[in-house]
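Trainee: Before we begin, could you take me through the reasoning behind the labels used for this model?
Mentor: Gladly; let us look at the structure and then take the labels one by one.

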Amino acid sequence: MGKTISGFSKLSKSEKIDWIVDTYFSNTTDAKQVLKQYWHTDGKLQQLHDEFIENTISNYYLPLGVAPNFLINGKMHTIPMAIEESSVVAAASKSAKFWLDRGGFKAEVISTKKVGQVHFMFHGEFDVLERFFNTVTSKLIEDAKSLTENMEKRGGGILDIELRNKTEDLKGYYQLHASFETLNAMGANFINSCLEQFATTFKREALNFEGFSDEERHIEIVMSILSNYVPECLVKVEVSCPVEDLTENKNISAQEFANKFVQAIKIAEVEPFRAVTHNKGIMNGIDAVVLATGNDFRAVEAGVHAYASRNGRYSSLSHAEINDDVFRFWMEIPLALGTVGGLTGLHPLVKLSLELLHKPSAKELMQIVAVAGLAQNFAALRSLITTGIQQGHMKMHLMNILNQFEANDAEKLTLTEHFKTNTVTHVAVVAALNKLRK
Ligand code: MEV
């Protein structure tokens, strides 16, 4: 049974582990060994990881894979991907190769605006609040100068601050709705610091505004925080080729493939149950690169799914059409990414991943990440409308099953060969392994 503890964060790492294994595990030696086998032998590197978060007891490994042969706007890329799902890197690589022979991926950043809001309550006339806002706007920007100076020198900063009346949705609710250009930084700290300064100035100045009654001048700031919904931080990515060039699979003609592909997309456009899975496939590619490059995949996920619902119904992020015998497949997605700040300069594998990508700007990274998403979607649909998804998935899953049964190298080699021509199922793999071991 668990028990409560106070002052846990003040304990040393080994005291924390002692408490955990004594409280939750019957075999304390085994549990300690599992945790310790993932510690890095280089003490400095381990300390770096320990200090990323609080209460670190070990490292949680994910494989870092690479998908080569991505031609994006005429430039070759090998894309790093951190992910546990067996088929994702293989699928990305296959798509990359497929489109390499058909002109590659075209990507374009449409906009880079980020958003943050100061949410506050005010109980008075909107006209008067608006008058106050107009008098105080320049002061809001001036007071944030020490925070924005460096960003401005590089060409970014605060773009705009708007007063928004939200009282139709919630009594007394207003916002300072601000937009920012954060260049190569994801910008969360920059935006949040600016917003907190806006809130302080706004509240302070309201106390002295002669237009407010005594009650009105006490504005209640509820919170100041960036928004992970970034519909104006958009990247567009697409592939296209003559329909006849889509031939590859002998069991389906190029025209039939193109028609079925467009049909599959149309289903995801109108049917939310399918759209969620369809978009999950896109996120397989996106999250893997976002993670490998040290970005915040939760922020990206939240923003992307909100965007997928922007028209009131959750829908496909990607689209496809056939026009004049040309097949076109594309998507537009919001991505708030950074290539400086955060983990980017700290985590050795993140630094390596960024170097592998030719040290991209945030805009270039938006393009690469979006390409990985579209490539993944293409691979998934290609399998779904031809062989079905399980053939590829189970092939990749074979190694997981073999590892689960502690197959040795020779057994792995024999069974990988065997399952090149036999259907992989859990039962079939176990039976083949048992037979081999007899
Ligand atoms: C599995 O991780 C992703 C897919 O389900 C995506 C899709 O159905 O489009 C294969």
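Mentor: Let us begin with Asn377, which in this predicted model lies in helix H12, spanning residues 362–384.

Trainee: What makes Asn377 buried or exposed?

Mentor: The relative accessible area of Asn377 is 1%, and buried means under 20%, so Asn377 is called buried. Leaving out residues up to four places away in sequence, Asn377 touches Ile265, His278, Ile282, Ser318 and Phe329.

Trainee: How do you know whether Ser179 counts as buried or exposed?

Mentor: The same kind of comparison applies. Ser179 has a relative accessible area of 7%, and because the cut-off for buried is under 20%, Ser179 is buried. Ser179 sits in strand S6, residues 173–181, and, with neighbours within four places in sequence set aside, it is in contact with Lys113, Lys114, Gly157, Ile158, Leu159 and Asp160.

Trainee: Why is Asn311 called exposed?

Mentor: Its relative accessible area is 68%, and exposed means over 50%, so the label exposed follows for Asn311. Asn311 is placed in the loop between H10 and strand S9, the latter covering 318–323. The C-alpha atoms of Asn311 and Leu71 are 32 Å apart, with their positions 240 residues apart along the chain.

Trainee: What makes Asp325 exposed, and what is its phi?

Mentor: Asp325 has 53% relative accessibility, and the threshold for exposed is over 50%, so Asp325 counts as exposed. Although Asp325 is not a glycine, its phi is positive, at about 65°, and the residue is found in the loop between S9 and strand S10, which runs over 326–334.

Trainee: How do you know that Glu406 counts as exposed, and where does it lie?

Mentor: With 70% relative accessibility for Glu406 set against the requirement of over 50%, the conclusion is that Glu406 counts as exposed. Glu406 lies in the loop between helix H13 (389–404) and helix H14 (409–418), and it too has a positive phi, of about 50°, although it is not a glycine.

Trainee: Let us turn to the empty spaces. What makes a space a cavity, and how many does a search of the whole structure find at 30 Å³ or more?

Mentor: A cavity is a set of points where a 1.4 Å probe fits but cannot get out, and the search finds one of 30 Å³ or more. The largest cavity has a volume of about 40 Å³, and among its lining residues are Met186, Asn228, Val230 and Pro334. Helix H10 gives the largest share of that lining, four residues.

Trainee: Why is a space called a pocket, and what is the volume of the largest pocket?

Mentor: A pocket is an open set with protein on both sides within 12 Å along at least five of seven lines, and the volume of the largest pocket is about 1500 Å³. It is lined by 42 residues, of which Phe52, Leu291, Gly294, Leu343 and His347 are the closest to its centre. Helices that each supply at least two residues of this lining include H7 (188–207), H9 (272–292) and H10 (297–308).

Trainee: And for the chain overall, what percentage of the residues is buried?

Mentor: Buried residues make up 45% of the 438 residues in the protein chain, which has 15 helices and 10 strands.

Technical notes:
Residues numbered from 1 in each chain as written. Predicted model: local features only at pLDDT ≥ 70, side-chain atom pairs only at ≥ 80, totals over all residues. Heavy atoms only, no water. Buried < 20%, exposed > 50% of the residue type's maximum accessible area, 1.4 Å probe, protein only. 1 Å grid on protein atoms, 1.4 Å probe; cavity = no way out; pocket = protein on both sides within 12 Å on 5 of 7 lines; lining within 4 Å. Points joined across faces, edges and corners; volume = space filled by probe spheres on them. Contact = heavy atoms within 4.5 Å.
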